[in-house]
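Reader: I'd like to walk through this model with you, feature by feature. Could you start with how you name the pieces, and then take me through a loop, the sheets and the cores?

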Amino acid sequence: MRRKLAKMTDTVDSFRQGRIVPSDLYGRSVPDQTVSIVTDALDKWFALLDDGEYSGEHALPPVARTVRLTLEQREVLCVDEQVVRLTFRASDGAPLAAWAPGMHLDFYLPSGRRRQYSLCGDPGDRGTYTVAVRYIPDGGGGSEEMHSLAVGTELSVRGPRNGFPFVPCGQAVFVAGGIGITAILPMVRAARTLGMDWRLVYCGRSRASLPFLDEIEQWEIDRVTVRTDDVDGIPTGEELLSQVEGGSVYCCGPPPMIDAVRTSFDAVPSTHLYFERFSPPPVRNGVKFEVQLVNSGRIVTVPADKTALQAIREIEPNVAYSCQQGFCGTCRTRVLSGTPEHRENRLTAEEQRDEMLICVSRSTGARIVLDL
Ligand SMILES: Cc1cc2nc3c(=O)[nH]c(=O)nc-3n(C[C@H](O)[C@H](O)[C@H](O)COP(=O)(O)OP(=O)(O)OC[C@H]3O[C@@H](n4cnc5c(N)ncnc54)[C@H](O)[C@@H]3O)c2cc1C
Ligand code: FES
């Protein structure tokens, strides 16, 4: 179904590309308005069918280049949520690859872990890349490692890559939860510069937990809503989308916020919903199955609501992973026996014959033997 939809979306894209007008401020093409109305309606239909989930096929091509960066500056942004802003420069002093709002980098950490962080600086600055990282105390160690980087440390990054495209025209409502503001911030800055009709709803547990609030509160007060759980309670999807009058919705935040926005989206007059997750999506329609790890012979039971990766990590904590969403390929594993149910579109049909991405793909019930 997904592949059929992708083909239909390609057709829509080819209509759109046939009516391109000159490039925008960022050097990208802006679609003709009349065509946008038609394609937007089709897109909304596709988005409803396709469930708006991340698809590498809709993302801009990543910059497939690894570059060495040196950490130039480290600032604590928000003591309550423990967010640090890290600014890097190319170790050889060369200009960095261009990026657009919504893009992220893959960081190769000194331990060998690989983690994604959204670029939240100025896309016009080709000298530095800036990210902001929230410390996750019970996470997999990646955020802790980013927090402990000392100024002068060198590491490699790959990208920028875009899984969260921003369309720099028309109306836009941005919904950000906590650290999700990193992906949204450059979009709103661009929307302001371009004179778009935009609104921002920014939520978190308390004001002290919200990074970048000092900058955001300098913006047009009638376009920004800051909601905190301690004062306003946890927002519903309807509340988050109450200012939508058309155009696109962009959302980045914790899983319950994304779920609430997705559920309420059908009822608002918006044509597109774009969202990005910083943590794995909940498993939907999973069944319990077994995985056997060939190196140890151990058998792991994967419960219906967990991923194979999560279950395997309980006995093999060093198994490699990164995005946990089926797009980076880090967890790609050879299947020695059994038939996986592939829940991604990164691997080709050929690759899917004897490999699977264990962060999302599973089995419909029978045991799978993995080369782990
Ligand atoms: C495209 C993309 C962009 C990202 N951009 C940012 C960013 O700009 N800033 C940033 O701080 N992080 C960002 N992340 C998350 C980041 O890559 C790491 O996952 C995060 O730093 C935690 O790393 P970890 O190794 O400690 O935990 P992981 O092993 O990555 O995750 C372990 C568990 O921690 C939980 N978790 C992970 N992230 C969060 C979170 N933000 N809030 C609550 N629980 C969480 C999840 O339950 C997850 O299963 C992004 C992720 C993706 C996929
Ligand atoms: S961890 Fe990225 S594809 Fe599985």
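Author: Sure. Helices and strands here are DSSP runs, numbered from the N terminus. Keep in mind that this is a predicted model. With that numbering, Arg277 sits in the loop that links strand 13 to strand 14.

Reader: Why does Arg277 count as buried?

Author: The general idea is a neighbour count: 20 or more other C-beta atoms within 10 Å make a residue buried. Arg277 has 20 C-beta neighbours inside 10 Å, so it counts as buried.

Reader: Which residues is Arg277 in contact with, leaving aside its neighbours within four places in sequence?

Author: Those are Pro255, Ile258 and Gln325. For a sense of the fold around it, take Ala183 too: Arg277 is 94 residues from it in sequence, while the C-alpha atoms are 10.0 Å apart.

Reader: On to the sheets. What is the order of the strands in the open sheet?

Author: Read an open sheet from edge to edge. Here that gives 11-10-9-12-13, five strands with parallel pairing. Strand 11 (224-228) and strand 13 (272-276) are the edges, each pairing on one side only. Ignoring direction, neighbouring strands are turned by 15 degrees against each other on average.

Reader: How many bridges hold strand 9 and strand 12 together?

Author: There are 5 bridges, in the parallel sense, between strand 9 (residues 171-177) and strand 12 (residues 248-252). Within that pair, Val173 faces Val249 of strand 12.

Reader: And which helices pack on this sheet?

Author: Look for the strands a helix touches, then for the angle. Helix 4 packs on the sheet and touches strand 9, strand 10 (197-204), strand 12 and strand 13; its direction is at about 155 degrees to that of strand 9. Helix 8 (residues 255-265) also packs there, touching strand 9, strand 10, strand 12 and strand 13, with about 160 degrees between its direction and that of strand 12.

Reader: Which residues have the most contacts inside the largest nonpolar core?

Author: Phe174, Ile184, Val249 and Val261, in a core of 61 residues. Helix 4 (residues 181-194) gives the most to it, with 8 residues. The core also takes at least three residues from each of domain 2 (67-162) and domain 3 (171-277).

Reader: What does Val249 touch beyond four places in sequence?

Author: Quite a list, including Val173, Val175, Leu241, Val261, Phe265 and Leu273. His272 and Ser270 are also among them. Then there's a second, separate core of 18 residues, which includes Phe289, Ala308, Leu309 and Cys331.

Reader: Phe289 brings us to strand 14. Does it pair with strand 15 in the parallel or the antiparallel sense?

Author: Antiparallel, with 4 bridges between strand 14 (residues 289-293) and strand 15 (residues 299-302). One place to see it is Glu290, whose bridge partner in strand 15 is Thr301. The two strands make a hairpin with 5 residues between them, and in the turn Gly297 has a positive phi of about 75 degrees. Strand 14 also pairs with strand 20 (residues 368-370), in the parallel sense over 3 bridges. There, Leu293 has Leu370 as its bridge partner.

Reader: Last one: which strands does strand 8 join?

Author: Strand 3 (residues 66-78) is joined to strand 8 (residues 154-162) by 5 bridges, running antiparallel, and Val67 has Val157 as its partner. Strand 5 (residues 103-108) is also joined to strand 8 by 5 bridges, again antiparallel. In that pairing Met103 partners Asn162.

Note on methods
Residues are numbered from 1 along each chain as its sequence is written. Chains are lettered from A and ligands numbered from 1 in the order in which they are written. This is a predicted model: local features need pLDDT of at least 70, side-chain atom pairs count only at pLDDT 80 or more; totals for chains, interfaces and linings use all residues. A nonpolar core is a set of buried Ala, Val, Leu, Ile, Met, Phe, Trp, Tyr and Cys residues joined through C-beta atoms within 7 Å. A residue is buried if 20 or more other C-beta atoms lie within 10 Å of its own, exposed if 12 or fewer, and partly exposed in between; C-beta atoms are placed from the backbone. Domain bounds come from an automatic or database domain assignment. Two residues are in contact if their C-beta atoms, placed from the backbone, lie within 7 Å. Two strands pair if DSSP finds at least two bridges between them. Axes are lines fitted to C-alpha atoms, for helices over the stretch in contact, and angles run from 0 to 180 degrees between N-to-C directions.
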